[in-house]
Amino acid sequence: MSYSAPKFEEKYGNFINGKFQDPIDGQYFENHSPVNNKLLAKYPRSNEKDVKSAIEAANNAKHEWGNTSAAERASILHKIADVIQDNLETFAQMETADNGKSIRETMKADVPLAVDHFRYFASVIRAEEGSATELNENTLSLIINEPLGVVAQIIPWNFPLLMLAWKVAPALASGNCVILKPAEQTPASATFLAEKIAHLLPPGVFNVIHGFGPEAGKPLASSPHVDKVAFTGETTTGQLIMQYASKNLHPVTMELGGKSPNVFFSSIMDKDDEFLDKCIEGAVLFAFNQGEVCTAPSRLLIQEDIYDEFIKRVIERTEAIKMGDPFDDSTMMGAQASSDQHKKILEYIKIGKDEGAEVLTGGGAAELDGDLGDGFYIQPTILKGHNKMRVFQEEIFGPVLAVCTFKDEAEAIEIANDTMYGLGAGVWTRDAHQLYQIPRAIKAGRVWVNCYHDYPAHAPFGGYKKSGFGRENHLMMLNHYRQSKNMLISY
Ligand code: NAD
């Protein structure tokens with residue numbers, strides 16, 4: 001079945017104080033679809049004046065919103081989830097038009113998961129309680145949780161609506177007002193959501209500011225009038241944002257890049273059964289859903305005695321991937337998110353070849369017919385090399401899988417941990433000892449064992465090392481959006 005891009009207005013505004021507003025200096029930027037490079041719409045090229053106006057609106061709203069009951073906020077979050085659910089197809093088409101990823105992903109995974117994140121935080125906030133203990137017969141120790149106030153949230157383009165949900169749901173549930181800056185490449189779904197939920201929230205509680213990082217993101221992250229900065233994006237951008245926030249001593253959470261190892265032990269080939277098929281899918285599918293996933297298993301580590309047979313099957317499966325029109329629901333791999341991203345990935349493939357990596361399959365741009373010929377497509381590519389190469393160490397953020405071998409458990413762990421990142425990892429084995437001991441030894445915030453690429457709302461997610469700090473999802477996320485007050489009451 002084939003879908004299409006939804007109809008966009010010619011231009012949109014920032015969403016500030018409960019309504020759409022033109023940018024103060026009247027500047028807009030054009031947003032093109034990576035599917036076919038056609039213009040979708042124009043969005044505000046905001047600057048510090050627009051940011052200031054959103055910060056004022058949020059500060060004006062924070063007292064009232066912060067004093068709503070958890071039950072009221074939960075009920076509104078459920079209504080936001082209903083809005084996304086009721087408009088699932090439109091959101092999915094919007095995300096595919098904006099980002100280029102396949103409609104089967106946006107429709108079956110990204111948008112339903114966003115719904116679930118709003119429902120999850122609507123539920124856990126009601127189960128939360130402060131606590132009171134008696135210190136002695138005359139003194140009570142009372143702990144209450146208070147919202148931080150106004151939260152700046154800056155997100156990337158790879159999961160536009162889902163990254164919004166990960167950040168906005170817990171922040172609103174905890175009683176904060178939000179100023180969200182979506183990535184300039186994917187402004188559509190945050191805009192559409194703002195329009196659809198405007199009637200549900202008091203003005204100023206949820207604000208969306210469009211524009212570029214240095215012009216709109218920087219004044220937002222630097223402002224002394226926000227109380228926290230939550231960021232998801234590249235490690236180098238995270239470092240800048242920490243510098244901005246440090247001047248105000250504002251807390252930050254950082255969800256940054258990754259170069260995740262996916263480790264396959266010999267025992268997977270003990271039998272030719274369904275589990276082995278699952279291993280092959282596990283090596284291929286999540287590396288090649290455009291590869292634009294922070295936890296993409298972009299380093300494939302195979303135990304040397306099964307390398308020849310396993311890689312043969314991995315290559316066969318990779319070459320069977322259907323790539324093409326992202327709006328066709330049988331397409332597995334769509335377009336890369338932007339022309340810049342497309343260029344960067346091709347440069348990395350060249351770097352790999354220049355470093356001496358062997359191209360096992362793919363290795364260049366994919367040429368598609370018709371309108372799609374103007375879009376940004378890359379062949380699923382596998383490069384064989386060693387872990388010191390740049391294509392093994394640096395985040396390419398594209399459909400490029402770097403493969404190497406290892407001798408034994410110790411070497412597998414050494415290679416897995418040998419990058420500056422520590423976001424995700426995969427371990428595949430039939431051996432009960434390895435099933436627990438290898439993930440324990442890998443320095444990453446999320447290790448999938450005999451599976452990959454699930455992101456349930458109730459499982460904490462975040463990085464080790466230069467992949468960031470702080471966690472998203474799970475009820476522990478609430479503590480990143482509030483502060484606890486202890487009262488010692490003597491009576
Ligand atoms: P990016 O860092 O270029 O941009 C992210 C956001 O930061 C955008 O909204 C951008 O406009 C803004 N920004 C850029 N420069 C800024 C500045 N100087 N000041 C303030 N804001 C600024 O990242 P990207 O290319 O949009 O996204 C890809 C990256 O995101 C990858 O590294 C990926 O691994 C990472 N990511 C991490 C997670 C996670 O949970 N750890 C999830 C998704 C993506």
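This briefing describes a pair of packed helices, a sheet of strands and a helix that lies across part of that sheet. The model is predicted. Two packed helices are described by the angle between their axes and the distance between the axes. Strands of a sheet pair through backbone hydrogen bonds, either parallel or antiparallel.

**Helices 4 and 5**

- Helix 4, residues 103-127, packs with helix 5, residues 160-173, at an angle of about 10°, and their axes are 9 Å apart.
- Because angles under 35 degrees count as roughly parallel, helix 4 is roughly parallel to helix 5.
- On the side of helix 4, the contact includes Asp110, His117, Phe118 and Phe121.
- These helix 4 residues meet a set in helix 5 that includes Leu161, Leu162, Trp166 and Pro170.
- The residues of the contact of helix 4 with helix 5 comprise 14 nonpolar, 1 polar and 1 charged.

**The sheet of 7 strands**

- The sheet is open, its 7 strands follow the order 14-15-16-13-12-18-19, and the pairing is mixed.
- Strand 14 (358-361) and strand 19 (446-449) each have a single partner strand, so one side of each is left without a neighbour in the sheet.
- On average, neighbouring strands of this sheet are turned by 25° against each other, direction ignored.
- Within the sheet, strand 13 (residues 299-303) pairs with strand 16 (residues 400-406) in the parallel sense over 5 bridges.
- Leucine 301 stands opposite cysteine 404 in strand 16.

**Helix 10 and the sheet**

- Helix 10, residues 307-319, lies across strands including strand 12 (261-264), strand 13 and strand 15 (381-384).
- Helix 10 also lies across strand 14 and strand 16, and runs at about 60° to strand 14.

How values were computed
Residues numbered from 1 in each chain as written. Predicted model: local features only at pLDDT ≥ 70, side-chain atom pairs only at ≥ 80, totals over all residues. Axes fitted to C-alpha atoms, helices over the stretch in contact; angles between N-to-C directions. Helix = DSSP H or I, 4+ residues; strand = E, 2+ residues; numbered from the N terminus. Parallel < 35°, antiparallel > 145°, perpendicular 65-115°, else oblique. Contact = placed C-beta atoms within 7 Å. Nonpolar A, V, L, I, M, F, W, Y, C, P; charged D, E, K, R; others polar. Pairing = 2+ DSSP bridges.
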